[in-house]
Amino acid sequence: MTAPVSTPASRTAVHAPPIEGRPKRRRIQHPAAIATFVAPFGILFLLFYLVPIGVAIYQSLLVVEREGTFGEATQVFGGLSQYALVFQNGPFWQSVGRVLLFGIVQVPVMLGLALLFALLLDSPLLRGKKFFRLAFFVPYAVPGVIAAIMWGFLFSPNLSPFQGITRHVDFLSADLVLWSIANVVTWVFVGYNMLIIYSSLLAIPSEIYEAARLDGAGQARIAWSIKIPLVRPALILTAIFSIIGTLQLLAEPQVFRSFSSAVTSSFTPNMTIYATSAIPNVNLAAALSVVLALATFVLSFTFLRFTRRKAES
Amino acid sequence: MSTTIESRDVRGTTPAAPGSAGVVKSKGSGRGPRERFLPQVASMLVMGVFTLYFLIPIWWLFVASTKSGSDFLGTNPLWFADFALFDNIAALFAYRDGVYLTWMLNSLLYAGLGALVATLLAAMCGYALAKYRFPGREAIFNVVLGGVLVPATALALPLFLLFSRVQLTDTFWAVFLPSIVSPFGVYLARVFTEASVPDELLEASRLDGAGEVRTFFTVSIRLMFPALVTVFLFQFVAIWNNFFLPLIMLRSEELFPVTFGLYAWNSSINQLPELRGFVLIGALLSIIPLIITFLLLQRYWRTGLGTGALK
């Protein structure tokens, strides 16, 4: 097959390169191809992201009515009555408070450590970087459930290899179990967040450091005044995903239920949702789900707004 | 862990030439070697301590898996007793007609096959969003971006409601179908394609008479490869780790992914104490596919992360 020689003139005649802002009066080019590429994902996204959300909202507006104690149960439109129940649901809001407390402590600690490690990796102070990068990342390869099982054993008074400590400090007691769970989450995710921040640090051009060094700035000064501000976007990104993850906490506390009686079935919001759906009270569970999703969205949005405002000031 | 530092080490202190890679290679001028010594030791110490924190639990898991039941409590937990690893593995595989192996296979199907399909679909969609203009393009992209922010746990209950309406809960599809949708994949594919697939190349292919789909599979996919590997890895991990979806959808033991199966066993240890050993050895084996996947694909993953996700 001979490739036709395409001169610049003939090329522009065939297909003018699209320019942003040009009025779209032309017919869509390659419609069949576009459909082929977009439709499979589009249909599945519709079916398994958008439709479920619609179903959940719909179900949250229903109420189960029975004719008498043993009569047939029908689902009828109940307006916002499920949502009224949500706002009266004490255990649910306790669980929300619990994960917020969890988040206020765990997220800054985890990201602070991740930032510290990333800065150390990026500094000339450290040797064996490849080893540390790998070693710190290994926990991320352990699924949360497995990590929770592992640490459940490590914390237990009798089975732990560190019985010297666990016999004296009950990490699975009602006072400490939340922080033991926080430890599991931190253990899994610090390395991952470290690498995100580290990638961001690597992108900083070295010329910036030249000027600072000529001024006599030391490593700590460079880190504080130059590096940290420049990795702000990475920090915000990791913070947002950590906040979202904290509100969604489920797997680790659910595993800890078999290690500690202090973890109730409504310990975190998602556990409450799961327990409610298992009753089964799907309509209330749906309403709880919607409220939690909205709360997560509002929190992330507020955080983004807050950081943007701080950046502008 | 011992740290060996030579206080006068000259490696890594040559001044960085302009245009060198972004790693700082020199220290501030006017500092004596003794002043460099302390920060270096401190850094190595900090990293060393945390290395222990990250690796000891996994080491303990490995050691515990090599012990027979009676040795488990009696012997030093951080070192081996009798090396019974392969006996334990054999017992694990034999337990309850090899249900553990079924679980592993399930996980490989859900996560491996699922991530493969997800990557393909996301790549096609992201590619089209990047390379073609059509009405509603940005609207679609924004909706998909919204999807990126929706965590998998938030969708589990709604998906359960949907699947119960069509009576498809407790089936393979209940876990597989939601797993092949990756909005993040579409995002990454679009960003990467815009950066790495030049229009001229597509033009040349068109002039050669190749169809759009053919061009995609022969030309564009090769250029998109690092991003595709990143998407695959991301989705593989996400599916493998997904807990709420199997929790709420599945009742039949033979459909469990391995993480969920181990959770179920762990929850029954009080009733069935023999499960304790199986949980530990099962947990150890279940980590291996993930570690292998990461090691094999780490080269691509790092490139992809740098290019796409941080823009």
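Let me begin with a term: pLDDT is the predictor's confidence in each residue, on a scale from 0 to 100. I start there since what you have in front of you is a predicted model, and in chain A that score stays under 50 over residues 1-13, a stretch for which the model has 7 contacts beyond four places in sequence. Where pLDDT is low, the predicted coordinates should not be read in detail. Taken as a whole, chain A averages a pLDDT of 86, with 91% of its residues scoring at least 70. Confidence within chain A is lowest in helix α1, residues 8-14, where the mean is 48, and highest in helix α12, residues 251-256, where it reaches 95.

Let me stay with chain A and turn to its surface. Which residues form the nonpolar patch there? They are Ile43(A), Leu46(A), Leu47(A), Leu50(A), Val51(A), Ile53(A) and Ile57(A), joined by Val143(B) from the other chain, and together they have about 610 Å² of accessible area. Helix α2 of chain A, which covers residues 31-60, gives the most to this patch, namely 7 residues. Ile53(A) is one of the patch residues and lies in that helix α2; because its relative accessibility is 33%, and the partly exposed class runs between 20% and 50%, Ile53(A) counts as partly exposed.

The next element is helix α3 of chain A, residues 81-88, in which Gln82(A), Tyr83(A) and Val86(A) are buried. Looking down the axis of α3(A), we find these buried residues within an arc of 95°, and they therefore line one face of the helix. The face turned away from that buried side carries Phe87(A) and Gln88(A), both of them exposed. As for what covers the buried residues of α3(A), the list includes helix α2, strand β1 (62-66), helix α4 (90-122) and helix α14 (282-312), each of chain A.

Now to chain B, whose secondary structure comes to 13 helices and 0 strands. Of the 311 residues in chain B, 52% are buried, while the area that the chain exposes is about 13700 Å², with carbon and sulfur atoms supplying 65% of it. If we take the contacts in chain B between residues at least 6 apart in sequence, 70% of them join residues at least 24 apart.

Within chain B, I would like to look at helix α9, residues 199-207, where the buried residues are Leu202(B), Glu203(B), Ser205(B) and Arg206(B). Seen along the axis of α9(B), they fall within an arc of 165°, so here too the buried residues line one face of the helix. They pack against helix α4 (99-131) and helix α10 (212-241) of chain B. After α9(B) comes Gly209(B), which has a positive phi, near 95°.

Helix α10 of chain B also holds the last residue I want to show you, Trp240(B). Is Trp240(B) buried or exposed? It counts as buried, because its relative accessibility is 2% and the cut-off for that class is under 20%. Leaving aside neighbours within four places in sequence, Trp240(B) is in contact with Met104(B), Ser107(B), Leu108(B), Ala111(B), Val258(B), Thr259(B), Ser286(B), Pro289(B) and Leu290(B), and also with Pro143(A) from the other chain. One of these partners, Leu290(B), is 50 residues away from Trp240(B) in sequence, yet the two are 8.6 Å apart in space, taken from C-alpha to C-alpha.

Conventions. Residues numbered from 1 in each chain as written. Chains lettered and ligands numbered in written order. Predicted model: local features only at pLDDT ≥ 70, side-chain atom pairs only at ≥ 80, totals over all residues. Heavy atoms only, no water. Patch = residues over 30% accessible without salt bridge, like charges linked within 9 Å, V, L, I, M, F, W, Y side chains within 5 Å. Areas by Shrake-Rupley, 256 points an atom, 1.4 Å probe, with all protein chains shown as cover. Salt bridge = Lys/Arg side-chain N within 4 Å of Asp/Glu carboxyl O. Helix = DSSP H or I, 4+ residues; strand = E, 2+ residues; numbered from the N terminus. Buried < 20%, exposed > 50% of the residue type's maximum accessible area, 1.4 Å probe, protein only. Contact = heavy atoms within 4.5 Å. Arc of directions from axis to C-beta.
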